[in-house]
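The exercises below go through one structure, each with a task and a worked solution. Have the sequence and the coordinates open while working.

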Amino acid sequence: MVETQQENKRCGYVALVGRPNVGKSTLLNHLLRQKISITSRKPQTTRHRILGILSDANSQCIFVDTPGLHIKSTKALNKAMNDTVINTLRYVDTILFVLERLTFNQEDELVLQQVRKCKVPVILVINKIDQIREKKRLLPHIKELVNKHKFDETVPISALGGHNLERLEMLVKDGLPIGPFLFPEDQVTDRTSRFMAAEMIREKVIRQLGDELPYEATVEIERFKLEGAVIHVHGRILVDNPGQKRIMIGSNGDRLKRIGSAARTDMELAFGGKVMLNLWVKVKGGWADDERALQSLGYLD
Ligand code: GDP
Ligand code: MG
């Protein structure tokens, strides 16, 4: 009896691909109904490959959120991010190719070229339809897109508004290969709490600093320890130069305090307990160009 049930289960990897900023991480968080991937208005917020696992009684979707592909991959960090995407496409069972609004530009074309090399089903996801004012333009746009590639399905959605996500979820689940679950049913991500803590801090940095800081700031967790009922987190924000350090700290440390308190709120929600967060800012010049530094920070596979 139990064996028969096992035989009916479906499980597989589903990649979210698309150029930066189309809403891949937002979509993942909404599909999982919790925040596991950080998002912002700035491109290149997602730097690592993150798994988000959605299980029900019969199926397990293992979503792979990837950093967007970049045309200008001159810096070592960009190259590492592009390699992550291309390696991901080699082992997935389904691809969600994400576009936004009525746009299809040169960067989208570049991503599509990678997608075309894969033999697995591709679902075209058109996100941010809440921002399309003339809805009647959507159908002709879709017609043009399906001329470019024979997508297996097309699903217009709003990741932020939760529009049409049930349909997308159903299509993805139905397309998964038959096989046993690869992760425990209650596991939501492959990342540690320590990693999530660093990402939450990095999200607040990106959101608070807007365009004042290039995306090069990164975060290291020096300490992550449960003492009694409280999680103690010591985080270090690495920036490129002393000017950026001043900006990050803000006058009287105001900005750093805001970053810290917003990140702490996220952590307490995610970890379900009280968090004591200490943050420092440290200058570490030119790390985005330095392959060795990237390795030590875990950016290279
Ligand atoms: P990614 O780089 O593809 O992972 O994009 P993000 O998930 O970080 O989202 C980029 C920006 O688009 C964020 O500011 C999101 O809030 C916004 N966004 C994502 N989905 C939607 C949507 O359905 N509608 C609108 N209006 N904005 C969205
Ligand atoms: Mg992202």
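**Exercise 1. Overall make-up**

Task: Describe the contact range, secondary structure, burial and exposed surface of the protein chain.

Solution.
1. Among contacts between residues at least 6 apart in sequence, 71% join residues at least 24 apart. The model is a predicted one.
2. Turn to secondary structure: the protein chain holds 10 helices and nine strands.
3. Of the 301 residues in the chain, 51% are buried.
4. The exposed area of the protein chain comes to about 14900 Å², and 50% of this is supplied by carbon and sulfur atoms.

**Exercise 2. Strands E2 and E3**

Task: Determine how strand E2 is placed and how E2 pairs with strand E3.

Solution.
1. Begin with burial. Strand E2 covers residues 50-55, and five of its six residues are buried, so the strand is largely enclosed by the rest of the structure.
2. Next, the partner: E3, residues 59-65, pairs with E2 in the antiparallel sense, over six bridges.
3. The connection between E2 and E3 is a hairpin through three residues.
4. For one facing pair, take Ser-55, which stands opposite Gln-60 in E3.

**Exercise 3. A serine in strand E3**

Task: Ser-59 lies in strand E3. Is Ser-59 buried or exposed, and which residues does Ser-59 touch?

Solution.
1. The relative accessibility of Ser-59 is 5%.
2. The cut-off for burial is under 20% relative accessible area, so Ser-59 counts as buried.
3. Leaving out residues up to four places away in sequence, Ser-59 touches Arg-10, Leu-54, Lys-173, Leu-176 and Phe-181.

**Exercise 4. Nonpolar cores**

Task: Locate the largest nonpolar core and the helix that gives the most to it.

Solution.
1. As background, nonpolar side chains tend to be buried together in soluble globular proteins.
2. Here the largest nonpolar core has 48 residues. Those with the most contacts inside it are Leu-27, Phe-63, Leu-96, Ile-201, Ile-237, Met-248 and Met-267.
3. Helix H7, residues 193-209, gives the most to this core, with eight residues.
4. There is also a second, separate core of 29 residues, which includes Leu-51, Val-64, Leu-138 and Phe-183.
5. Back to Met-267: with residues up to four places away in sequence not counted, Met-267 touches Ala-197, Met-200, Ile-201, Val-233, Gly-272, Val-275 and Leu-277.

**Exercise 5. The surroundings of ligand 1**

Task: Work out which residues surround ligand 1 and how much of ligand 1 the protein buries.

Solution.
1. Ligand 1 is surrounded by 17 residues; the closest are Asn-21, Gly-23, Lys-24, Thr-26 and Asp-130.
2. Helix H2, residues 24-32, gives the most to this shell, with three residues.
3. Check the oxygen atoms of the ligand. One lies 2.8 Å from a backbone N or O atom of Asn-21. An oxygen atom of ligand 1 is also 2.8 Å from an N or O atom in the side chain of Lys-24.
4. For nitrogen, a ligand atom is 3.2 Å from an N or O atom in the side chain of Gln-131.
5. Finally, ligand 1 taken alone exposes 590 Å², of which the protein buries 90%.

**Exercise 6. Positive phi outside glycine**

Task: Compile phi, place and accessibility for Asn-21 and Asn-252.

Solution.
1. Asn-21 is not a glycine, yet its phi is positive, near 80 degrees. Its place is in the loop between strand E1 (10-17) and H2.
2. With a relative accessible area of 31%, Asn-21 is partly exposed.
3. Asn-252 has a positive phi of about 55 degrees and sits in the loop between H8 and helix H9 (254-271).
4. The relative accessibility of Asn-252 is 71%, so Asn-252 counts as exposed.

**Exercise 7. Helices H8 and H9**

Task: Examine both ends of helix H8, then Gly-260 in helix H9.

Solution.
1. At the start of H8 (residues 242-249), a side-chain oxygen of Asn-241 comes within 3.1 Å of the backbone nitrogen of Gly-243.
2. After H8 comes Gly-250, with a positive phi near 75 degrees.
3. In H9, Gly-260 counts as buried, at 11% relative accessibility.
4. Neighbours within four places in sequence aside, Gly-260 is in contact with Leu-277 and Leu-279.
5. From C-alpha to C-alpha, Gly-260 and Met-200 are 9.7 Å apart, with a sequence separation of 60 residues.

Terms used
Residues numbered from 1 in each chain as written. Chains lettered and ligands numbered in written order. Predicted model: local features only at pLDDT ≥ 70, side-chain atom pairs only at ≥ 80, totals over all residues. Heavy atoms only, no water. Buried < 20%, exposed > 50% of the residue type's maximum accessible area, 1.4 Å probe, protein only. Helix = DSSP H or I, 4+ residues; strand = E, 2+ residues; numbered from the N terminus. Pairing = 2+ DSSP bridges. Core = buried A, V, L, I, M, F, W, Y, C linked by side-chain atoms within 4.5 Å. Contact = heavy atoms within 4.5 Å. Areas by Shrake-Rupley, 256 points an atom, 1.4 Å probe, with all protein chains shown as cover. Near = heavy atom within 4 Å. Polar contact = N/O pair within 3.5 Å; in protein donor to acceptor, adjacent residues only side chain to side chain.
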